[in-house]
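Here is a friendly walk through one protein model, written to be read with the structure open beside you. Please keep the view handy and turn it as you go.

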Amino acid sequence: MSGLILPPGHGRKLVTKAQDVTFKVTAADGSSLSVFEVIVPPGFDVGAHVHTKSQEFFYVLEGELELLAFEPAERTEDTWRSWESATGDKAVTATAGSCMFVPPGTPHAFRNSSDTPARMLFQSYPSPDHEHYFEEIVEIFSAGPSVDAEAVRLMRERYDVEQITPLRFEPPVRPNPRSATDRTA
């Protein structure tokens, strides 16, 4: 039996407009958990969600992410960013070296509210659930000009994802540098 060694940048890569996911360790490698490197672009919010069986671990490698991992005193359906637990826990801004562990049954979320991409290591147990989830989300996102919300809902149901607040991808709007020049000419 052999282990697995991957050089930087290697692994199967799935790219969507919302994030880049590189498979690092999978069920095909004999692992009981899946390991991914994820690039989270500015404006991406996975939305608060919960898993009944799965557990997850996130480690911020570069950039910063807002992280949440607790049951709020009151769940709201629009956004998780103002949630607070009965004991006063709130979402935190996590920088490189920060981590988040999420046991089954715990609402959690991450969001990149900065103007630069963040990079994280993401582990999910059991494998290959999240591997299949990422494969299917790429298919759904690339199936047409708009995302089929019902297909996403059914996929989440199959992979133990109860979505509480919506997934959002709202990249920051940057002013066109030419428009300022054009006005002065």
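At what angle do α1 and α2 pack, and how far apart are their axes? Before the answer, please keep in mind that this is a predicted model.

**The helix pair**

The packing angle of α1 and α2 is about 175°, and their axes lie 11 Å apart. An angle over 145 degrees counts as roughly antiparallel, and α1 and α2 are therefore roughly antiparallel to each other. To find the contact in your viewer, select Tyr-133, Glu-136, Ile-137 and Ile-140 on the α1 side. Their counterparts in α2 are Ala-151, Val-152, Met-155, Arg-156 and Arg-158. Sorted by class, this contact of α1 with α2 has six nonpolar and three charged residues, and no polar ones.

**The largest pocket**

Some of these helix residues turn up again around an open space. The lining of the largest pocket includes Ile-137, Val-152 and Arg-156, and each of these three is also found in the contact between α1 and α2. The other lining residues are Lys-17, Ala-18, Phe-141, Val-147, Leu-167, Arg-168 and Phe-169. Two or more of the lining residues come from each of α1 (129–142), α2 (149–158) and β13 (168–169). By class, seven residues of the pocket lining are nonpolar and three are charged, with no polar residue among them.

**The largest cavity**

What about enclosed space? The structure holds one cavity of 30 Å³ or more, and the largest cavity has a volume of about 300 Å³. It is lined by 25 residues, and those closest to its centre are Gln-19, Val-46, His-130, Tyr-133 and Phe-134. The elements that contribute two or more residues to this lining are β6, β11 and α1. Of these, α1 gives the largest share, six residues. Tyr-133 is worth a second look: this residue is among those closest to the cavity centre, and it also takes part in the contact of α1 with α2.

The two spaces can be set side by side:

| Space | Volume | Lining by class |
|---|---|---|
| Largest pocket | about 200 Å³ | seven nonpolar, no polar, three charged residues |
| Largest cavity | about 300 Å³ | 17 nonpolar, six polar, two charged residues |

**The strands around β6**

Which strands pair with β6, and in what sense? Strand β6 (residues 55–62) pairs with strand β11 (residues 118–125) in the antiparallel sense, over seven bridges. Strand β9 (residues 99–102) also runs antiparallel to β6, and four bridges join them. Glu-56 is a handy marker here: this residue stands opposite Ser-124 in β11, and its bridge partner in β9 is Val-102.

**Backbone details in the loops**

Moving on from β11, look at the loop between β11 and α1, where Pro-126 sits. A cis peptide bond joins Tyr-125 to Pro-126, with omega about 5°. Pro-128 is also placed in the loop between β11 and α1, and a cis peptide bond, again with omega about 5°, links Ser-127 and Pro-128.

One more backbone feature lies past α2. Asp-160 has a phi near 60°, which is a positive value in a residue other than glycine. You will find Asp-160 in the loop between α2 and β12 (162–163).

Technical notes: Residues are numbered from 1 along each chain as its sequence is written. This is a predicted model: local features need pLDDT of at least 70, side-chain atom pairs count only at pLDDT 80 or more; totals for chains, interfaces and linings use all residues. Side-chain values use heavy atoms; hydrogens and water are left out. Two strands pair if DSSP finds at least two bridges between them. On a 1 Å grid over the protein atoms alone, a cavity is a set of points where a 1.4 Å probe fits but cannot get out, and a pocket is an open set with protein on both sides within 12 Å along at least five of seven lines; lining residues have an atom within 4 Å of a point. Grid points are joined across faces, edges and corners, and a volume is the space filled by probe spheres set on the points. Ala, Val, Leu, Ile, Met, Phe, Trp, Tyr, Cys and Pro count as nonpolar, Asp, Glu, Lys and Arg as charged, and the others, Gly among them, as polar. Axes are lines fitted to C-alpha atoms, for helices over the stretch in contact, and angles run from 0 to 180 degrees between N-to-C directions. Angles under 35 degrees count as roughly parallel, over 145 as roughly antiparallel, 65 to 115 as roughly perpendicular and the rest as oblique. Contact means heavy atoms within 4.5 Å.
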